Amino acid sequence: MTSASRRFVRPIAIGALVFSGAIGFGAVRGGLDAQPPTTPSAPTGSAVAAAPSGSAARGKRVYDSRCVECHGKTGVGDGPAAPMLMPRPRDFTAGRYKLRSTETGSIPTDEDLLRTVRQGVYGSAMPAWEKLLPDAEIQDVVVYIKTLSPRFTTELAAAVTLGPQVPSSPESIARGHQVFERLSCGSCHGADGHGTFAIATEFEDDWNHPLTAADLTQPWTFHGGATSRDIYLRFRTGISGTPMPSFKDTATDAEMWDLANFVVSLGRKPVWSMNAEEVAALYARDAAEAKADPIKRGKYLVDTHLCAVCHSPLDQDGKIMPGMTLAGGQLMRVLPFGDYPTGNLTSDKETGLGGWTDDQIKRVITTGTRPNGVRLPPLPMDWSAFSAMTPADLNAMVAYLRTVPPVSNKVPEITRPLLPMYLWGKFKMLILQDDPPIIIYPGNVGTKGGQR
Amino acid sequence: MKRFLKWAFFIVLILAVAGFCAFLYFIPPFFIAPPETFSKAQNDAAPTVAGINDPAERAIAEHGRYLVVTAGCIGCHQVPGPKGPQFDKYLAGGLKFLTHGGTYVARNLTPDKETGLARRTDGEVKRVMRSGVFPDGHVTSYRVMPWGSYTNWTEEDRHAVVVYLRHLPAVRRRIPDQGAPSPFRDPAAYEEVYGGKDYTTGK
């Protein structure tokens, strides 16, 4: 019996997954190496006309191999990975950028774009490309993404003039604290910058994508950087497309510098520079917060534990269909065991988890046993890993799944292959030992989400 | 009488064979063992952090261990063997994945100096989990290495994962280097891992 069980654990392994998502990023390095270096970028502001005409074409090649996975082939920010990311990838066609040194509503300068590509966006999936690409390629790609929005040909970037910097001092921080309270920063970011007493921390941006107010105690997650100058720029220019406004009409330059100094002072130590007591205190605080808000903790667990990767129908690019996250219906063909469509995890009563009890959900997550007694193989549903979760985390996960908006998507039952095919597969696996189970994704099978 | 016995024997034989086939069909072998058997073998295999001297690092690595175990890293980064995964070589990689975009091989995540993560900086390891971008600059699909999910880890949780990976027992196991989703580029490593058996062509 044990040997039989071991026999299967090997298969877990062997899976050869056919991912439709693996399409769009074909040629990776090839063709890019042999490029001549381009001239350095034009000075800030003078922009488009001065840019070398050939570099947009070279930039497109860079874009097609590095950027499409998130930003999409057309630059709308709809790459295959986009629905899973938080914050979402930028939509280049709108010409609206968050991280600028220009007036509210203006397009960014070339320097702003170059900086974002070079240094990445902290606290997001955008990496710092300066360590990976020659600077010439970064400049090419910036020229290319500017061609995606007509705004860059019709408008000029209106750079802001920075007020004289107020150096950080206890007095400046105290003044900044007063500005923080006068401008009601705490209603989104919390009185302590960590969300405490905030009226709301969950928002939507102009593209109706979810958005969370920044945790001001974690400066390493500030998208635009954590120096007082970076923070001052966010106050001065606002963050386009989000509820974060510009404060240039409600606060003076000096006040914004004070506020920036105050926000810098809110930052706590990150875990990588803490001592043992501080680490213990941090984890205790995290556990207490998870207990106080299990739905938030559950969302974090569902987001980070791969649920949506399989439990959502995909389109031709391997992207989760819009509005169908966690609605199930992706078909997993596990040869030779049969077809295992992924379940609908939304709270729909008829087709989702709405009709399941908490214990039934937990049982299938931790043991792979469905309410009707059918057992799932250990892969692709990785219940053996999830069985190591703490009871509190499991409860949090269930609590969050209860809140996922219902999507009616009826997923068919598991189907088994015909007896002779099954026995042949079994024979090859157990006796000949050369044909482990293979997992294939042939398409979607839910009633909604369609066939591929 | 003899004829009757002969027939009875045949019928019993056929029933027995049919019964065995039905048994195999309706109760596949991995369903005989209770689910806990799989889970325990897999989850207990994760090396503990008791050997780490620095208390802060130990606490962070303990947290990282929880994340590594529950996120199922071992599902792909295990070492396949003739009798199931070789859990003593925890996360040393080598599984292959055939996809539309080419053949992928799970990397060696142990801190081995020549073949494992000791070659990579913390930032490079985190970048793969955050952005799916490898040190050579290639971007991998969010569905092969599921960074689309791990990108949602907080930076501190990601750090804990890296700290734990840094304390795994090092296993020397060369995984074919793969800059692009194309057939293996490194024939020597390929030979070492797969004994020259050509998996790239399907079978």
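**Group meeting: a walk through chains A and B**

Let me start with helix 13 of chain A, residues 294-304, where Arg297(A), Gly298(A), Lys299(A), Leu301(A), Val302(A) and Thr304(A) are buried. Before I go on, please keep in mind that this is a predicted model.

So what do those buried residues of helix 13 of chain A pack against? Within chain A, the partners are helix 12 (276-292), helix 14 (307-310) and helix 17 (391-403). Chain B joins in too, through its helix 6 (147-150). Just past the end of helix 13 of chain A, Leu306(A) adopts a positive phi of about 70 degrees.

A similar picture comes up at helix 15 of chain A, residues 358-367. Its buried residues are Val364(A), Ile365(A) and Thr366(A). Among the elements covering them are helix 16 (383-386) and helix 17 of chain A. After helix 15 of chain A comes Gly368(A), with a positive phi near 70 degrees.

Now, how far can we trust all this? Chain A has a mean pLDDT of 84, with 85% of its residues at 70 or more. Which helix of chain A has the lowest confidence, and which the highest? The low end is helix 1 of chain A, residues 2-14, with a mean of 35, while helix 17 of chain A is at the top with 96. Across residues 1-53 of chain A the pLDDT stays below 50, although this stretch does have 138 contacts in the model beyond near neighbours in sequence. Where pLDDT is low, the predicted coordinates should not be read in detail. Please treat those contacts with that in mind.

Let me step back to the overall layout. Chain A holds 18 helices and five strands. Of its 452 residues, 46% count as buried. If you take the contacts in chain A with a separation of 6 or more, 65% of them are between residues 24 or more positions apart. The chain is divided into domain 1 (31-154), domain 2 (170-268) and domain 3 (310-440). Between the C-alpha centres of domain 2 and domain 3 of chain A there are 42 Å.

On to chain B. This chain has eight helices and two strands, and reading from the N terminus the order is α-α-α-α-β-β-α-α-α-α. Of the 203 residues in chain B, 45% count as buried. For contacts in chain B with a separation of 6 or more, 51% involve residues 24 or more positions apart.

Back to chain A for its sheet. Three strands make an open sheet in the order 4-3-5, with antiparallel pairing. Strand 4 and strand 5 (438-440) of chain A are at the edges with a single partner strand each, so one side of each has no neighbour in the sheet. From one strand to the next, the twist averages 25 degrees.

Zooming in on one pair: strand 3 (residues 331-335) and strand 4 (residues 338-341) of chain A run antiparallel and are joined by four bridges. How many residues lie between strand 3 and strand 4 of chain A in their hairpin? There are two residues between them. As for particular bridges, Val334(A) is partnered with Gly338(A) of strand 4 of chain A, and Leu331(A) with Pro341(A) of that strand.

Next, a helix pair for those of you who like packing geometry. Helix 3 (residues 55-66) and helix 6 (residues 135-146) of chain A pack at about 100 degrees, and their axes are 7 Å apart. The two helices of chain A, 3 and 6, are therefore roughly perpendicular to each other. Helix 3 of chain A contributes residues including Ser55(A), Arg58(A), Val62(A) and Tyr63(A) to the contact, and helix 6 of chain A contributes, among others, Glu137(A), Val141(A), Tyr144(A) and Ile145(A).

My last stop is Gly318(A), in the loop between helix 14 and strand 3 of chain A. Is Gly318(A) buried or exposed? Gly318(A) is buried, because 23 other C-beta atoms lie within 10 Å, where the cut-off for buried is 20 or more. To tie this back to the helix pair, Gly318(A) and Ser55(A) are 263 residues apart in sequence, and their C-alpha atoms are 30 Å apart in space.

That's my tour. Thanks for listening!

Notes. Residues numbered from 1 in each chain as written. Chains lettered and ligands numbered in written order. Predicted model: local features only at pLDDT ≥ 70, side-chain atom pairs only at ≥ 80, totals over all residues. Pairing = 2+ DSSP bridges. Domains from an automatic or database assignment. Buried ≥ 20, exposed ≤ 12 C-beta atoms within 10 Å, placed from the backbone. Contact = placed C-beta atoms within 7 Å. pLDDT = per-residue confidence, 0-100. Axes fitted to C-alpha atoms, helices over the stretch in contact; angles between N-to-C directions. Parallel < 35°, antiparallel > 145°, perpendicular 65-115°, else oblique.
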